[in-house]
Amino acid sequence: EYVDLGLPSGVKWATMNVGATSPEEKGNYYAWGELQPKTEYTEMTCTSYKLNIEDVSGNPEYDVARVDWGATWRMPTADECNELLENCTWEYTTLGRVSGCKAISKINGNYIFFPIQFYQDLARYWSSTPSAYQGDYESQSLTIYKEFIRVSTAVRGDDYPIRPVTK
């Protein structure tokens, strides 16, 4: 399922993360560009670390959203994450008993819930876009933290969930 936030691009965001069965579940964690969760996340165990890869959105070799959910789903690009930031207000809340952040559309009032995975109210979600200025070992992520919400870089070997998008 998806939520139509009325975004200018027409992109619709999934109601939950890959591997989750409800919006408040965290789902599976992945290294950037990998199709399977693993038990250890380091630079040494990351298959995409140091690979010069273009944006992987929709690429069945690197996009777990497409592989697990089908050809109409994919990882969001960094531009689509920025579009979400610009067109939503962000509210820290709970869903069930899970802490997280609602992205509430400024256009139509619909929202999606992002569970917070880490201590200190920090959450990161992979985008499909590699970092253009950090070489071949970082990619861009949607970073949700109490002091800021933005697209920032993260080491590809780190483990974050994926929130798919569709048209």
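Student: Are W13 and F114 buried or exposed?
Tutor: In this predicted model, W13 is buried, and F114 is buried as well.

Student: What kind of aromatic pair do W13 and F114 form?
Tutor: The pair is edge-to-face, with 6.4 Å from centre to centre and 70° between the planes.

Student: Which strands hold W13 and F114?
Tutor: W13 belongs to strand β2, whereas F114 belongs to strand β5, residues 111–115. The two are 101 residues apart in sequence, so their pairing ties together distant parts of the chain.

Student: How many aromatic pairs are there?
Tutor: The count comes to seven aromatic pairs.

Student: And which residues do ring pairs link into a cluster with W13?
Tutor: W13 is joined with W90, F114 and Y125 in that cluster.

Student: Y125 also touches N17, I believe. Where is N17 placed?
Tutor: N17 lies in the loop between β2 (12–14) and α1 (64–69).

Student: Is N17 buried or exposed, and why?
Tutor: N17 has a relative accessible area of 0%, so it counts as buried, the cut-off being under 20%.

Student: What does N17 touch, leaving aside residues up to four places away in sequence?
Tutor: N17 touches E25, K26, W69, P115, Y125, P161, I162 and R163. With K26 there is a specific approach: the side chain of N17 reaches the backbone oxygen of K26 at 2.9 Å.

Student: How far apart are N17 and A65?
Tutor: They are 48 residues apart in sequence, and their C-alpha atoms are 9.1 Å apart in space.

Student: Changing topic to charges: how many salt bridges does the structure hold?
Tutor: It holds two salt bridges. In one of them, the side chains of K38 and E34 meet at 2.6 Å, N to O. The side chains of E80 and R74 also meet in a salt bridge, with an N to O distance of 2.6 Å.

Student: Which of these residues are buried, beginning with E80 and R74?
Tutor: Both E80 and R74 are buried. E34 is buried too, with a relative accessible area of 6%. K38 has 23% relative accessibility and therefore counts as partly exposed.

Student: One last topic: over which ring does the charged end of K102 sit?
Tutor: The charged end of K102 sits over the ring of Y111, 4.2 Å from the ring centre.

Student: And what about the charged end of R150?
Tutor: The charged end of R150 sits over the ring of F148, at 4.0 Å from its centre.

Notes
Residues are numbered from 1 along each chain as its sequence is written. This is a predicted model: local features need pLDDT of at least 70, side-chain atom pairs count only at pLDDT 80 or more; totals for chains, interfaces and linings use all residues. Side-chain values use heavy atoms; hydrogens and water are left out. Helices (H or I, at least four residues) and strands (E, at least two) are DSSP runs, numbered from the N terminus. Buried means under 20% relative accessible area, exposed over 50%, partly exposed in between (1.4 Å probe, protein chains only). Contact means heavy atoms within 4.5 Å. A polar contact is a pair of N or O atoms within 3.5 Å; within protein, one must be able to donate a hydrogen and the other to accept it, and residues adjacent in sequence count only if both atoms are side-chain atoms. Rings of Phe, Tyr and Trp (its six-membered ring) pair if their centres lie within 6.5 Å; planes under 30 degrees apart count as stacked, over 60 as edge-to-face and the rest as tilted. A charge sits over a ring if NZ of Lys or CZ of Arg is within 6 Å of the ring centre and within 35 degrees of the ring normal. A salt bridge is a side-chain nitrogen of Lys or Arg within 4 Å of a carboxyl oxygen of Asp or Glu.
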